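Reader: I should like to learn how to read the features of a structure that is new to me. May we take them one at a time?

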Amino acid sequence: MTYYVSRRPNQGIDWLLIGLVVTLMVIGVLAVFSSGAADGHFRLLDLTQMHGRQLLWMLVSLVVAGVIVLVDSKVYTVFAYAVYGVMMVLLLLVFVFGVTVRGDTNWLVLGPVRMQPSEFAKFATALALAKLMGSQNFNIRSLRQQLLALAILGLPAVLVLLQGDAGSAIVFASYALVMYRFGLSAGYLLAVVLLVALSLLTVVMDPTLLVLILFALGALVLIAVRKNRALLLTGAVALLLSVGYVFASGYVFEHMLEPHQQDRIRVLLGQEAAARDADYNVRQSKIAIGSGGFWGKGFLNGTLTRYNFVPEQSTDFIFCTIGEEFGFWGSTLLLLLFLALILRILFIAQRQRSRFSMIYAYCVASVLFFHLFINIGMTIGLMPVIGIPLPFISYGGSSLLSFTILVFILVKLDGDRLAILR
Amino acid sequence: MTDVFQNRRYVIQYVVVAVVIVYVLRLFQLQVLSKNYQQLARNNVLREVTVFAPRGLIYDRKGKLIVDNQNEYDLWVVPSQVQAFDTAAFCSLIGISDSLLRLTLKKAAAYSRFKPSLLLKGISVEKYAAIQEELYLFPGFFGQVRTVRAYPHQGAAHLLGYIGEVSQSQIEQGGGYYRMGDYIGISGLEQFYENELRGRKGSRFVLVDVHNREQGAFAGGSFDTAAIPGYNLLTTLDMDLQLYGELLMKNKVGSIVAIEPATGEVLALVSSPAYDPSLLTGMERTRHFRQLASDSLRPLFVRPLKAAYPPGSTFKPAVALAAMQLGSITPRTGYSCAGAYSVGSLSVACHHAGYVADVQTAIQYSCNSYFCHIFRKTIDDSRFNQTAEGLDQWKKVMDALGIGRRTGIDLPNEGYGYVPGSDYYDKIYGKKRWNSVTIVSLGIGQGELGMTPLQMANLMAAIANGGYWITPHVVRSVQESGTGKPIKTARHIVDLDTNHLSVIREGLFRVVEAGTGRGVRIPGITLAGKTGTAENPHGRDHSLFVGFAPLHQPRIAIAVVVENAGWGASYAAPIASLMVEKYLTDTISHTRKYLEQRMLEANLLP
Ligand SMILES: [Zn+2]
C-alpha cells in the first residue's frame, strides 16, 4: 500500500484553487439554507433540513478531498479505466435497482446513502478520456481513435439518457471542447455545438426566428473565414444543412400533422406539461433574480425564493436565491468566482508536464464551464431549461461530492507535476 | 511535450470570458435596467385573490324572492402535490368514476404540475361538507367556494335566464372585467341586467407560495378591497300568475304574455314547454343543458319573444284601426257578407253570413269578408297614387301599434315579427305585378305576417289604454343599496282617434259577451278579447286569443298562443280567461272550475 501513498502530500498544492472551491461550497450551503428556511431559525447541523445535509456533504467531500490528496497520483493514471469501468457498471445497476426521486430514475440506494451514478460518471469519464488521449500513440486525426474517444463519452451519455436524465447526458458533450483543444478539427466541435443547440432550440423556439438567427450567425462566421476557401464552403454547407434541419423538423411537426395530433404527440412525450412548467420556472426565476435589484434584498430576505416561488430552487435554480438576496453585485461576484476558478484550472492545465494531467485539467475546466453556462443561462432565460446543477452551489450530495473528486484529482495531479516526469 | 495547438488555449479562455461577460450584462439588464421584474415580483408575493361578489337578487312585484344565491364548491388539484392515495375511497367520496378520475388527473398533469386544475365543479354545500371532512387525507386536492343561483320557485326560467362561465370572446369584450372561470348572465334578465346584477369583484392580497399555500394576509388586509354585491332587481312579474300560467300550459306548446296596460309592466311571460331553472345550476348543469338543447320541443326557445305566428283573426282589430285611421272607412261602414269574399278566382270563406252593420259587429262576428273588404279599401284608397304606397302607409300604422318591430322589452334577443311592405311584394312578384287582391289575406291576419305573442299582448295594451303603449318591461327598479332606481320606459303615443278605439274595445267586449269567445265569459269581469286561428302549414292550426280586462280601466292585457290546438276558442281563450280571472280575483269561480280542470288536464303534445 505504501507505494500508493503520496510521500509529501503537501508539496505543490495549489491553495488558490482549493480556496476558490471551498468558498463556493460555503456560498452553496448558505444559499441552500436561505432557499429552504422559511421559518428562519438556524441550527448548523440539523440533518432534517437541507442545509444541514448539504453541510454534512460538504464535510464528507472535504474528507474525501483529503484522501485524494494523500493518495499517490499514479493511482489515477493507472486505474483510470478501472474507475471508468466501475462507474459504468453502477450506471447499469441503476436500470436494475434504480430508485425514482423527483421524477428521475437515476438513484442508487446503499443503506442510508443515496447516490446518483450519473454525477460520478463525469469524473470517471474525464479520467478515461485523459488516459486515452494522453497515451503516446494517440492520434486525434485517426478515425479509429476518434471513434474510441467517442465511445468513452457516448457510453455514459447514452446510459444516462436512457435513465431519462437528458440534462446530465448533454454534459458529456462538453468533452468535445477538450478534444478540440488537443487537435480535433474545429469543424467537429462546431458540428457538436450546432447539433446540441439546434435540437434544443427547435423544441423551445419559433422556427422562423431560429432560422433568422442562424443566418445572422452564419453570415458572421462566413465573413470571419472568408479568406479560407475550404472553410467558407464547409461553413456555407453547414449553414444550409442546419436551416434545412430546422425547417424539416419544424415543418413536419407544424404542417404535416393535425393540431390534435401535435397535442397528442406533445402529451405523449410529456412535452406539453414539461414545456409549460419549464416556462413557468424560467418566468418565476427571472422574476426572483430581477427583483433583487442592484443590492439585493439581503441574506434570508428573499421573499420569493423563501416562499417557494421558484420550483427546484435549491437544486437547479439555486442561482435565483443568490440573485434575489444579493442582487446584481452578488450575482456578478459569484460569476467572477466561477470565472476565476475556470481560468485558474486552465492556467494549471497549461503548466502540466504530463499529457494525462493536462488533458484531465481541460476536462475539469470544460465540465465546470458547461454546467455554469447552461445552469445560469437557464435561470436568466438565455438557455433552455436543462436540469443540471450549479457546481458546488446546488443542493445535492452526489453532485457536490463528484465535483469535489473531479477537482481534487486535478489538485493532486498538479501537486505532483514536478515529481513525476511522464 | 509538443503542443501544436497552443493557440487554442486562448480560444477556450476567450469563450469562457465572453460567456461570463454576456451573463453579467444580462444580469445588469434584469436586475438594474428592467423595472418590470421588480414590479412582477411584488405581484407574485402579494397574490391578488379575487373575492367574488354575490349577484343581485331578483324579486317579483309582490316582493317575493324569485332568484336567490347559494354557495357551491369547485374541487381543484395540484398534480405536483398529489401523493399516492386510495383512489377507490376518493372516488366514492366525491362520487366520480375511477376512470374519470384517472383521465382528469392525467389531463391536469399534462396541463401543469404546479398550477391548479379544476377537477370537479358545482359541488353542493351539503356534499362538500362531507367531502371536506376527509379531504385532508388527500394532499394536493382543495376546494374553492363560489356563489351560484338558487330558485325558490320552479318557474319563469326563460325570463330569468341563467348564468354560466364566460367565453373567450366575452372576456375580450368585457373591458378587462372578466377572467377565465367567471360567471356571466347568458340569457334572460341575467344577461340583460348583467352589469347591474354582477356587482364588483373585490380582492384580497395574500402572501402565497408557488403551491398556492396562503402564507397570510398582506399588511393586515389594509390593501384589500371588499366585493360589492350586485344590485337587486325588483321585477314586475307576478310569480303566482306566472306559475299558474305555466301550470295551465303544461303538456302544451305555446306562450302566454300578460301586461299591465297602464304601465307596460309584464305580469307573466310563459314559454311552454318550461323547465326548472335550477336544472342549469350545479354539477349536472352541462348534462341538463345538453338534454334541454336536444329536446325536439325546444324548451330553451323563448317563444313569447321570438316565435312569430300569423296572428289570424286576432289581427282584425289592427286592420280596422288602420282603415279608420287612414280615413278609408268610418266606424259605421257596413258591408254585406255572402258567406265568402270572392274576387275573380279568389275566394275567402267566412263562417258568418249576412249584413255587417259596422266595425263593432264585424269584430264581434270576426267576419272575414268584411276585413278583406276594408283592407283592400284601405290600401287601394284613391288618396294614394298606387297600392304600393297604400300598403306602406298601412304598414306605418302597424309599426306605431308595435307590430313588425321590437317593442324594446328589457330582455335579450327579442324577435321582430314581420309586416310585409311594398318592397317585399315587389321582390316576389315584381314592381306593379301585384295588387290588393294578391295580398288580401293580410286583412284577416294570414299570409306573410308574423307577430310574437309579446307584440299581440302589447297591441291589446295599446287598445286598452286608448291610444298609447308603454315599452313592456320586466324590471320596475334596480335596487342600489336600498334606493330603488326606476327603469326608464318610453311612452309610445299612437296617433289614433279615441273614438275609433272605443269602437274596437266595444267590439272586443262583445266577442266575449256574445261572439266567438262567449264560452269564456267570467262572472263579474268584463273581459274583452278576440279569438284567432293561425294557419300552420306544418300541422294543426295554432289556437290564439288576445284580450284585456276589465273593459273600463283595464288592469291586464293578455295574449295566449297554444300551438297545434286548433280553434282559438278551444284552448287559447279558456286559458287566457283563467289567467285574467286568477289575476283580478286571485281565485277561479266554482262555475268555471270545470274549465280550469279541462285545461289543466289537456295534453296537446305531439
Ligand atoms: Zn262574414
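Author: We begin with the term cavity: on a 1 Å grid over the protein atoms alone, a cavity is a set of points where a 1.4 Å probe fits but cannot get out, and lining residues have an atom within 4 Å of a point. Grid points are joined across faces, edges and corners, and a volume is the space filled by probe spheres set on the points. This is a predicted model, in which local features need pLDDT of at least 70 and side-chain atom pairs count only at pLDDT 80 or more, while totals for chains, interfaces and linings use all residues. Residues are numbered from 1 along each chain as its sequence is written, chains are lettered from A in the order in which they are written, and side-chain values use heavy atoms, with hydrogens and water left out.

Reader: How many cavities of 30 Å³ or more does the structure hold?

Author: Rolling a probe the size of a water molecule over the atoms shows where empty space is left. Here there are three cavities of 30 Å³ or more, and the largest contains about 220 Å³ of space. It is lined by 14 residues, of which B:Phe52, B:Ala53, B:Arg55, B:Tyr183 and B:Arg198 are the closest to its centre.

Reader: Which classes of residue make up the lining of the largest cavity?

Author: Ala, Val, Leu, Ile, Met, Phe, Trp, Tyr, Cys and Pro count as nonpolar, Asp, Glu, Lys and Arg as charged, and the others, Gly among them, as polar. The lining has seven nonpolar, two polar and five charged residues. Strand β5 (residues 141–150) of chain B gives the largest share, three residues; strands (E, at least two residues) and helices (H or I, at least four) are DSSP runs, numbered from the N terminus.

Reader: Which strands does β3(B) join through ten bridges and through five bridges?

Author: Two strands pair if DSSP finds at least two bridges between them. Ten bridges link β3(B) with β5(B) in an antiparallel arrangement, and B:Asp68 has B:Ala150 as its bridge partner there. Strand β4 (residues 117–124) of chain B also runs antiparallel to β3(B), with five bridges.

Reader: Is B:Asp240 buried or partly exposed?

Author: Buried means under 20% relative accessible area, exposed over 50%, and partly exposed in between (1.4 Å probe, protein chains only). B:Asp240 counts as partly exposed because its relative accessibility is 32%. This residue belongs to helix α10 (residues 239–248) of chain B.

Key
On a 1 Å grid over the protein atoms alone, a cavity is a set of points where a 1.4 Å probe fits but cannot get out, and a pocket is an open set with protein on both sides within 12 Å along at least five of seven lines; lining residues have an atom within 4 Å of a point.
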